Amino acid sequence: MHVKQNITKNHSAHTRDMTQGNPYSLMLGFALPIFLSQVFQQLYNTADAFIVGKNLGTNALAAVTSSGTLIFLMISFFAGIAMGAGVVISRYFGAGDEEQVSRAIHTVLAFGLAAGVILTAVGVAFTPTFLVWMQTDPEVLPEAVSYFRYYFLGSLALVLYNVCRSIMNALGDSRRPLYYLIFSSVLNVVLDVLFLAGFHWGVWAAAVATVISQAASVVLCMIHLMKKGNVFTVEWRKIRFHREMLLEIIRNGLPSGVQNSVIAFANVIVQSQINSFGRLAMAAYGTHAKIEGFAFLPITSFNMASTTFISQNLGAKQYDRAKKGARFSILAAVLSAEAIGVCCYLAAPHLIGMFDQTPGVIELGVRQAHTVALFYCLLAFSHAVAAVCRGAGKAFVPMCVMLAVWCALRITYIVIVMHFTHDISYIYWAYPLTWGISSVIYLFYYLCCDWVHGFDKAEMKKK
């Protein structure tokens, strides 16, 4: 085992030790590149929607925007495992165990390769079945099938990028993912314009542009990770499943994967209900999701910083420092999300109109924004405490909360309400209601339970 000081000293150019220095400035410095990278990540989807809507019309826009929930369902489980790997890597990096860091990195890369192949096969084969099950409008279905199938052909790149980003973030490096995303996002926009406005290809070309751009970012990530002489140096011959490490990654990542899948499944159910209202409702709901994606960025940024910070510091057994980081990340996420929510509420007509000028789309999109935007603080709080739990090795807690509230309760509410009244506004209200309930549960857990010693208890069980 190597001491932590050697790791930090030798590899400070590519990693960040978050167990030393001012915790607030460290977390802000870590979160800012993540925020910017998330902006460019969102541009992947937004560029597709904006350029498709302007060049191919409302049906094509509905096909692209309605795809978000299904795509998230397909990749969310594997993304959760990557998050679990990030927690494991952060913990060993904070503890100074260079050998275990390397073993975890090569194991999760092997997992990513296998998962990408599986996701490609399932996504391409079952795309029509999934879309029919989601009650996709028959007018939209052919273009949606085309878009999905080409998108899922790039599943390997999609999964591997999530894995590479988790590795770099776990080691405290949030800048390089930003640089790579800037490049790939610009490439995505250029290819969208070229394929759709220049060559006048169909909606499938927007998916191809995204896949090419995502693959480019993976190549850049791997070039960096394979540099010699670093704690994270990747070697092809070492990429394999280490049984004990794989079990530890799954133990930390499986709850996050299940949690992501649960949320995605609930959203697919919601999307299927939205689809029953027709193509205008589909376009409005999907467009609002793009806008909400930007509003969610500060939450994601502080949460990723929080998970890495807490994992490293609990690995180093700096408990008070971990608590300070948790308080700061929760407060920052809640305040920034609410500020953006107010802006979304006020500017909703203009934001929806950027994507589609159809009056029906704007009316429904604004109605949804005015229902949920002012409750973003609750959404932020729930996700912030969930990030703290994951960083402390307590990923099982947010999994249970999301399964009970964001899946079971949300779906039950929608099914019952839609049985009595076919009013889309009640679907919109499902979100703030479940955000509020989960926030109360998370507040109780955060204040009353011992989340700080999660890793210590896990080590005691091993012994």
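**Briefing: surface patch, helix 12 and aromatic contacts**

Val342, Leu346, Leu374, Phe375, Trp429 and Leu433 form a nonpolar patch on the surface, together offering about 520 Å² of accessible area. The model is predicted, with local features requiring pLDDT of at least 70 and side-chain atom pairs counted only at pLDDT 80 or more, while totals for chains, interfaces and linings use all residues. Residues are numbered from 1 along each chain as its sequence is written, and side-chain values use heavy atoms, with hydrogens and water left out.

**Nonpolar patch**

- Patch residues have over 30% relative accessible area and no salt bridge, and nonpolar side chains (Val, Leu, Ile, Met, Phe, Trp, Tyr) are joined within 5 Å, like charges within 9 Å.
- A salt bridge is a side-chain nitrogen of Lys or Arg within 4 Å of a carboxyl oxygen of Asp or Glu; accessible areas come from the Shrake-Rupley method with a 1.4 Å probe, and for residues only the protein chains shown count as cover.
- Helix 13 (319-353) and helix 17 (424-448) each supply at least two residues of the patch; helices (H or I, at least four residues) are DSSP runs numbered from the N terminus.
- Trp429 is located in helix 17 and counts as partly exposed because its relative accessibility is 35%, where buried means under 20%, exposed over 50% and partly exposed in between.

**Helix 12 and the loop after helix 13**

- Helix 12 (residues 297-315) has 19 residues and reaches 27 Å from its first C-alpha to its last, close to the 27 Å expected at 1.5 Å a residue; the expected span is 1.5 Å times one less than the number of residues.
- Of the 19 residues in helix 12, 18 are buried, and just after this helix Lys317 takes a positive phi of about 65 degrees.
- Phe355, in the loop between helix 13 and helix 14 (359-372), counts as buried because its relative accessibility is 7%.
- Phe355 and Val52 are 303 residues apart in sequence, yet 9.1 Å apart in space, C-alpha to C-alpha.

**Aromatic contacts**

- The structure holds 17 aromatic pairs, defined by ring centres of Phe, Tyr and Trp (its six-membered ring) within 6.5 Å; planes under 30 degrees apart are stacked, over 60 edge-to-face and the rest tilted.
- Phe77 and Phe78 pair edge-to-face, at 5.7 Å centre to centre and 80 degrees between the planes; Phe77 is partly exposed at 28% relative accessibility, whereas Phe78 is buried at 15%.
- Phe199 and Trp201 form a tilted pair, at 4.9 Å centre to centre and 50 degrees between the planes.
- Phe199 and Trp201 belong to one aromatic cluster with Tyr150, Phe195 and Trp204.

Key:
Buried means under 20% relative accessible area, exposed over 50%, partly exposed in between (1.4 Å probe, protein chains only).
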